[in-house]
Amino acid sequence: MLDQLFGSWWPTISSYLAGPPALIGGTVTPFTVIPTVGFALLLLGILAAVLWREKQALWVIGPIVAAALTPVILAIGNILGGWFVVMFALVIGAVGLLLWTGIISGDATRRLPVWLLGLFAVNFVVYCTARSIAIIWGLA
């Protein structure tokens, strides 16, 4: 059972990490563009947080860790109720991450780094959504 739950975590993470090098290599698909945009958001967010010394950006670690658990949540949702539960969990997860990032940015002196890092977390959920749709519809 645990193999089923955590067995999809590393393949999803590794395919997300392989997206930018594949895009640089010339493969243009949603599975290469989405992670590349995500890493651009991450790098810009870290750069802005360091340059502007935004302390609230550290609190975005929570949403990033929560987003990293998305493949495990998807496996649980798939076991419990199929594709409808998976899509529901993804939508609720993305909205929840946006709200969480908004709450964190409310206390920030400069909100841009917090939002860039928060959008990186949402980007991973969007990637998991695209990957799930591809798997459900037999496109991957």
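**A tour from L90 to the aromatic cluster**

Start by selecting L90. Leaving aside neighbours within four places in sequence, L90 is in contact with T70, L74, V125, C128, T129 and S132. Show those six residues alongside L90. Keep in mind that this is a predicted model.

**Step back to the whole chain**

Switch to a cartoon view. The protein chain has 8 helices and 0 strands. Read along the sequence, the pattern is α-α-α-α-α-α-α-α.

Now rotate the C-alpha trace. Along the principal axes, the C-alpha atoms fill a box of roughly 45 × 35 × 20 Å. The radius of gyration of the protein chain is 16 Å, which agrees with the value near 14 Å for a compact globule of 140 residues.

Turn on a surface. The protein chain exposes about 8,200 Å², and carbon and sulfur atoms supply 77% of that area. Of the 140 residues, 38% are buried.

Which contacts hold the 74% share? Among contacts with a separation of 6 or more, 74% are between residues 24 or more positions apart.

**Select the core**

Hide the surface and go inside. In soluble globular proteins, nonpolar side chains tend to be buried together. Here the largest nonpolar core has 28 residues. Select Y16, A67, L90, L97, F124 and V125, the residues with the most contacts inside this core. L90, the opening stop, is in that list, and V125 is one of the residues L90 touches.

Colour the helices next. α2, α4, α7 (83-105) and α8 each supply at least two residues of this core. Which helix gives the largest share? It is α8, with 10 residues.

**Select the aromatic rings**

Show the aromatic side chains. The whole structure holds 9 aromatic pairs. Zoom in on Y16 and Y127. Their rings pair edge-to-face, 5.1 Å centre to centre, with 70° between the planes. Y16 sits in helix α2 (residues 9-17) and Y127 in helix α8 (residues 111-136), so this pair links distant parts of the chain, 111 residues apart.

Are these two rings buried or exposed? Y16 counts as buried because its relative accessibility is 4%, under the 20% cut-off. Y127 is buried too, at 2%.

Stay on Y127 and add F31. F31 and Y127 also form an edge-to-face pair, 6.1 Å centre to centre and 85° between the planes. F31 lies in helix α4 (residues 30-52) and Y127 in helix α8, so the pair ties together parts that are 96 residues apart in sequence. At 28% relative accessibility, F31 counts as partly exposed.

Widen the selection to Y16, F31, F39, F120, F124 and Y127. These residues form one aromatic cluster. Two of its members, Y16 and F124, were also on the list of core residues with the most contacts.

**Last stop: N123**

Select N123, in helix α8. Is N123 buried or exposed? With 9% relative accessibility, N123 counts as buried. What does N123 touch, leaving aside its neighbours within four places in sequence? The partners are Y16, I34, P35, V37 and G38. Y16 brings the tour back to the aromatic cluster.

Key. Residues numbered from 1 in each chain as written. Predicted model: local features only at pLDDT ≥ 70, side-chain atom pairs only at ≥ 80, totals over all residues. Heavy atoms only, no water. Phe/Tyr/Trp six-rings, centres within 6.5 Å; stacked < 30°, edge-to-face > 60°. Helix = DSSP H or I, 4+ residues; strand = E, 2+ residues; numbered from the N terminus. Buried < 20%, exposed > 50% of the residue type's maximum accessible area, 1.4 Å probe, protein only. Contact = heavy atoms within 4.5 Å. Rg over C-alpha atoms; globule rule 2.2 N^0.38 Å. Areas by Shrake-Rupley, 256 points an atom, 1.4 Å probe, with all protein chains shown as cover. Core = buried A, V, L, I, M, F, W, Y, C linked by side-chain atoms within 4.5 Å.
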